[in-house]
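Thanks for coming, everyone. Let me put the structure up, and then we'll walk through it.

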Amino acid sequence: MTREDFSESVPGHNPTPSESLQGAERVETIRNAVAQLPEDLRTPLILSEYEELSHAEIGEILKCTAKAVETRIYRARQQLRTSLGGLLESV
């Protein structure tokens with residue numbers, strides 16, 4: 001854990017301008033990486049992570065099984081880990 005990670009985890013900590021900029025850059029990098037995913041992987045990931053839908057609910061929307069949704073989300077995360085390298089490990 002870096003000093004920045006520690007200070008960000010302390011309740012009431014106000015991030016420095018540098019920390020705020022780094023956080024914004026990290027968010028933008030992740031957003032761009034998600035946008036580059038194939039649609040069949042991006043859609044279930046977004047519905048799961050941002051809309052907080054269950055795999056069954058996503059399966060109904062996409063007309064596939066919950067297991068297929070689980071597999072697509074797994075593959076999307078694998079691709080993100082590859083494309084983002086160490087960025088996700090530092091978050």
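A term before we start: a salt bridge here is a side-chain nitrogen of Lys or Arg within 4 Å of a carboxyl oxygen of Asp or Glu. And keep in mind that this is a predicted model.

With that cut-off, take Lys-67 and Glu-70. Their side chains meet in a salt bridge, at 3.7 Å from N to O. Both residues sit in helix α5, three residues apart, which is about one turn of the helix. Lys-67 is exposed, at 54% relative accessible area. Glu-70 is partly exposed, at 38%.

How many salt bridges does a search of the whole structure find? Three. So let's take the others.

Arg-31 and Glu-28 pair up at 3.4 Å, N to O. Again there is one helix involved: both lie in α2, three residues apart, about one turn. Arg-31 is exposed, with a relative accessible area of 51%. Glu-28 comes in at 38%, so it counts as partly exposed.

Then there is Glu-49 with Arg-77. Here the N to O distance is 2.2 Å. Glu-49 is in helix α3 and Arg-77 is in helix α5, so this pair ties together parts that are 28 residues apart in sequence. Both ends are partly exposed: Glu-49 at 40%, Arg-77 at 35%.

Now back to α2. This helix covers residues 17-35, which makes 19 residues. From first C-alpha to last, α2 reaches 27 Å, close to the 27 Å expected at 1.5 Å a residue. Which residues of α2 are buried? Glu-19, Ala-33 and Val-34. Looking down the axis of α2, the buried residues fall within an arc of 100°, so they line one face of the helix. On the other side, Pro-17, Leu-21 and Arg-31 are exposed. That is the Arg-31 we just saw bridged to Glu-28.

Next, the inside. The largest nonpolar core has 12 residues, and Ala-33 and Val-34 from that buried set are among them. Which elements give two or more residues to this core? α2, α3 and α5. The largest share, five residues, comes from α5.

One core residue to look at on screen is Ala-76. Leaving aside residues up to four places away in sequence, Ala-76 touches Leu-37, Leu-41 and Leu-45. Those three leucines are also listed in the core, as is Ala-76.

To recap: three salt bridges, a helix α2 with its buried residues along one face, and a nonpolar core of 12 residues. Over to you.

Note on methods
Residues numbered from 1 in each chain as written. Predicted model: local features only at pLDDT ≥ 70, side-chain atom pairs only at ≥ 80, totals over all residues. Heavy atoms only, no water. Helix = DSSP H or I, 4+ residues; strand = E, 2+ residues; numbered from the N terminus. Expected span 1.5 Å × (residues − 1). Buried < 20%, exposed > 50% of the residue type's maximum accessible area, 1.4 Å probe, protein only. Arc of directions from axis to C-beta. Core = buried A, V, L, I, M, F, W, Y, C linked by side-chain atoms within 4.5 Å. Contact = heavy atoms within 4.5 Å.
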